[in-house]
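I opened this notebook to record what I looked up in one model, entry by entry, and how I read each value.

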Amino acid sequence: ALGFAAVNSERSRGTLSRLMAQPIPRDYIINAKFVAGLLVISTMTLILGFLMIGMGILITGIPPTPEEFWRLFFFMLVSIVYMGVWLNLAIMFSVRFRQPATSALAGMAVWLFFSLFFFMIVNIIIEATAPSRGADPGQILGYQGFLQNLLRLSPSQLFSEATTTLLVPTVRTLGPITLEQAYGAIVGPLPLGQSLLLVWPQLTCLLAVAAIAGYLCQRHTGL
């Protein structure tokens with residue numbers, strides 16, 4: 001909503017030519033659009049998050065521990081990064097297409113594909129390439145790792161893994177493990193530092209997707 005008409009609406013109103021007449025690089029315009037939208041999203045997310053924390057304290061009468069508070073805070077940061085991915089993608093479509101309706105439909109189509117249809121395609125791949133029941137355990141583990149990496153091509157899967165690990169301290173791994181590996185594990189919640197190390201690859205991938213969308217937006221501006 002904040003990005004699909006960021007550039008093409010100014011082009012249709014004729015204000016983009018006036019903006020480009022100023023002695024500023026064109027990349028600054030796109031970056032300013034992204035930073036402004038991200039600031040709105042960040043403010044909204046942090047206000048709603050702290051509001052829910054305050055309501056929870058008023059309703060239950062139990063304040064969160066420092067670790068629980070930081071887990072919620074990092075959850076909000078991951079949410080901001082995830083929304084920044086789609087914001088940057090929407091701005092890219094706003095640059096590529098001249099009509100705001102076209103850019104909005106393109107952004108919604110990409111979001112629907114990765115949030116819904118992508119998992120249906122992965123299920124079809126699972127049914128077609130699943131190993132037999134008598135397969136080697138190492139082959140099964142390798143196949144499970146392949147499927148998990150395939151699912152991680154979707155930003156929503158990366159966001160789901162990151163938020164689940166941050167909000168549920170009992171999650172100790174995000175990949176397939178053997179019984180021998182799980183046998184010696186100590187039962188108990190992970191500390192916050194270990195949970196952050198566990199979700200660092202997912203957060204890095206989300207930042208990389210946002211950076212790629214921003215790079216494509218600035219490379220093919222056509223301004």
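Before the first entry I fix the term I need: a residue counts as buried under 20% relative accessible area, as exposed over 50%, and as partly exposed in between. I also keep in mind that this is a predicted model.

**Entry 1: aromatic pairs**

I began with W70, whose relative accessible area is 40%, so I enter W70 as partly exposed. F74, at 25% relative accessibility, likewise counts as partly exposed. I then searched the whole structure for aromatic pairs and found 11 of them. In one of these, the rings of W70 and F74 have their centres 6.2 Å apart and their planes at 40°, so I note the pair as tilted. Both W70 and F74 lie in helix α4, 4 residues apart, which is about one turn of the helix. As background, an α-helix has 3.6 residues a turn, so residues three or four places apart point the same way. I also looked up the aromatic cluster to which W70 and F74 belong, and its members are F50, F69, W70, F73 and F74.

I turned next to the rings of F118 and F119, whose centres are 6.0 Å apart and whose planes stand at 80°, so this pair is edge-to-face. F118 is buried, with a relative accessible area of 9%, whereas F119 is partly exposed at 23%.

**Entry 2: helix α5**

I looked up helix α5, residues 100-129, which has 30 residues and reaches 41 Å from its first C-alpha to its last, close to the 44 Å expected at 1.5 Å a residue. Where does α5 bend? I find a bend of about 45° at F117. The buried residues of α5 that I listed are S103, A106, G107, F118 and V122.

**Entry 3: helix α7 and S156**

For α7, I compared the span of its 13 residues, which should be 18 Å at 1.5 Å a residue, with the separation of its end C-alpha atoms, which is 18 Å and agrees. How many residues of α7 are buried? I find 10 of the 13, so I describe α7 as largely enclosed by the rest of the structure. Among these buried residues are P155, L158, F159, A162 and L166, together with polar ones such as S156, Q157 and T163.

I then took S156, which sits in helix α7, and asked whether S156 is buried or exposed. With a relative accessible area of 14%, S156 is buried. Its side chain makes a polar contact with the side chain of S154 at 2.8 Å. Leaving out residues up to four places away in sequence, S156 touches Y82, F114, S115 and F119.

**Entry 4: nonpolar cores**

Last, I looked up the largest nonpolar core, which has 16 residues, and noted that V78, Y82, L89, F93 and L206 touch the most other members. Helices α4 (66-96), α7 (155-167) and α9 (192-219) each supply at least two residues of this core, and the largest share, 8 residues, comes from α4. Apart from this core lies another, of 7 residues, among them V7, I30, I41 and L87. For L89, I looked up the contacts that remain once residues up to four places away in sequence are left out, and they include V110 and A213.

Conventions. Residues are numbered from 1 along each chain as its sequence is written. This is a predicted model: local features need pLDDT of at least 70, side-chain atom pairs count only at pLDDT 80 or more; totals for chains, interfaces and linings use all residues. Side-chain values use heavy atoms; hydrogens and water are left out. A nonpolar core is a set of buried Ala, Val, Leu, Ile, Met, Phe, Trp, Tyr and Cys residues joined through side-chain atoms within 4.5 Å. Buried means under 20% relative accessible area, exposed over 50%, partly exposed in between (1.4 Å probe, protein chains only). Contact means heavy atoms within 4.5 Å. A polar contact is a pair of N or O atoms within 3.5 Å; within protein, one must be able to donate a hydrogen and the other to accept it, and residues adjacent in sequence count only if both atoms are side-chain atoms. The expected span of a helix is 1.5 Å times one less than its number of residues. Rings of Phe, Tyr and Trp (its six-membered ring) pair if their centres lie within 6.5 Å; planes under 30 degrees apart count as stacked, over 60 as edge-to-face and the rest as tilted. The bend at a residue is the angle between axes fitted to the seven residues ending there and the seven starting there.
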